[in-house]
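Colleague: Could you take me through this model and tell me what stands behind each label you put on it?

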Amino acid sequence: FLMGVYGGFLFYASNLISDGSELLLLIPSMAGIVGSVVLPILGAVPDGLIVFFSGLGPLEEARVRLGVGVGALAGSTVMLLTIPWVLSVYSGRVNIENGSATYKPKNGRHKLEPPGNWSMTGTGIQVLPSLRRNAQIMFVTSLGYWLIQGEDSKFDKRSGLDDDVVQSEKTGR
């Protein structure tokens with residue numbers, strides 16, 4: 001019953017967020033801020049609630065359920081980043097001639113010759129120089145997560161919490 005109530009609450013809340021964000025985008029002076037700041041924050045609220053509610057309950061079980069909630073959140077985030085990236089690369093690919101992408105073909109030719117070309121070495125995209133800097137920024141910002149994950153792994157081994165969780169799952173308590 002509670003799962004149904006929670007699902008209904010999330011469905012209703014996500015519809016309100018969606019409708020409100022569309023209305024906010026209609027205000028030209030706020031469209032830039034809404035699209036770049038407000039919508040990502042509002043989109044994270046349901047995910048945060050899922051992780052929060054997965055951690056409620058007895059302490060022994062909360063740790064396992066919270067791990068599952070965070071794992072599901074991470075998995076959905078990776079999927080939501082990967083699918084548009086793959087579709088963008090696939091849709092934007094062009095012929096590669098002399099080591100560079102032919103975005104402006106000569107003589108009225110198609111960007112992809114022959115159309116539908118599936119060559120892994122003859123087609124592709126060309127990235128801008130700013131991509132290297134963006135990749136460096138992403139790497140540096142991810143170092144904090146690696147630090148936390150490493151410390152958590154050390155803590156689990158020292159405290160034996162994983163052994164306790166496995167034992168409680170076997171006994172059903």
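Modeller: Sure, here is a short run through the elements, the sheet, two asparagines and the pockets.

Modeller: This is a predicted model, where local features need pLDDT of at least 70 and side-chain atom pairs count only at pLDDT 80 or more, while totals for chains, interfaces and linings use all residues. Residues are numbered from 1 along each chain as its sequence is written, and side-chain values use heavy atoms, with hydrogens and water left out.

Colleague: Which elements are there, and what makes a stretch a helix or a strand?

Modeller: The protein has five helices and three strands, in the order α-α-α-β-β-β-α-α from the N terminus. Both are DSSP runs numbered from the N terminus: H or I over at least four residues for a helix, E over at least two for a strand. Strand E2 covers 100-101, so E2 counts as a strand under the rule of at least two residues.

Colleague: How do you know that E1 pairs with E2 and with E3?

Modeller: Pairing takes at least two bridges found by DSSP between two strands. E1 (residues 94-97) has two bridges to E2 and two to E3, so both pairs qualify. Glutamate 97 stands opposite serine 100 in E2, and valine 94 has glycine 124 in E3 as its bridge partner.

Colleague: What is the strand order, and why are E2 and E3 called edges?

Modeller: The sheet is open, with the order E2-E1-E3 and antiparallel pairing. E2 and E3 each have a single partner strand, so one side of each is left without a neighbour in the sheet. In general, strands of a sheet pair through backbone hydrogen bonds, either parallel or antiparallel.

Colleague: Why is asparagine 95 called buried?

Modeller: Buried means under 20% relative accessible area, exposed over 50%, and partly exposed in between, with a 1.4 Å probe and protein chains only. Asparagine 95, in strand E1, has 7% relative accessibility, so the residue counts as buried. Leaving out residues up to four places away in sequence, its contacts (heavy atoms within 4.5 Å) include Ser100, Arg109, Leu112, Asn117 and Thr123. Across the protein, buried residues make up 13% of the 173 residues.

Colleague: And asparagine 98, buried or exposed?

Modeller: Exposed, because its relative accessibility is 84%. Asparagine 98 is found in the loop between E1 and E2, which form a hairpin with two residues between them.

Colleague: What makes the phi of asparagine 98 worth a mention?

Modeller: Its phi is near 55°, a positive value in a residue other than glycine. Most residues other than glycine have a negative phi.

Colleague: What makes something a pocket here, and how big is the largest pocket?

Modeller: On a 1 Å grid over the protein atoms alone, a pocket is an open set of points where a 1.4 Å probe fits, with protein on both sides within 12 Å along at least five of seven lines; lining residues have an atom within 4 Å of a point. The largest pocket holds about 230 Å³, a volume being the space filled by probe spheres set on the points, which are joined across faces, edges and corners. Its lining is Leu81, Met138 and Ser142.

Colleague: Which residues line the second largest pocket?

Modeller: Among them are Val89, Tyr90, Arg93, Trp118 and Gly124. Helix H3 (59-92) and strand E3 (123-124) each give two or more residues to that lining.
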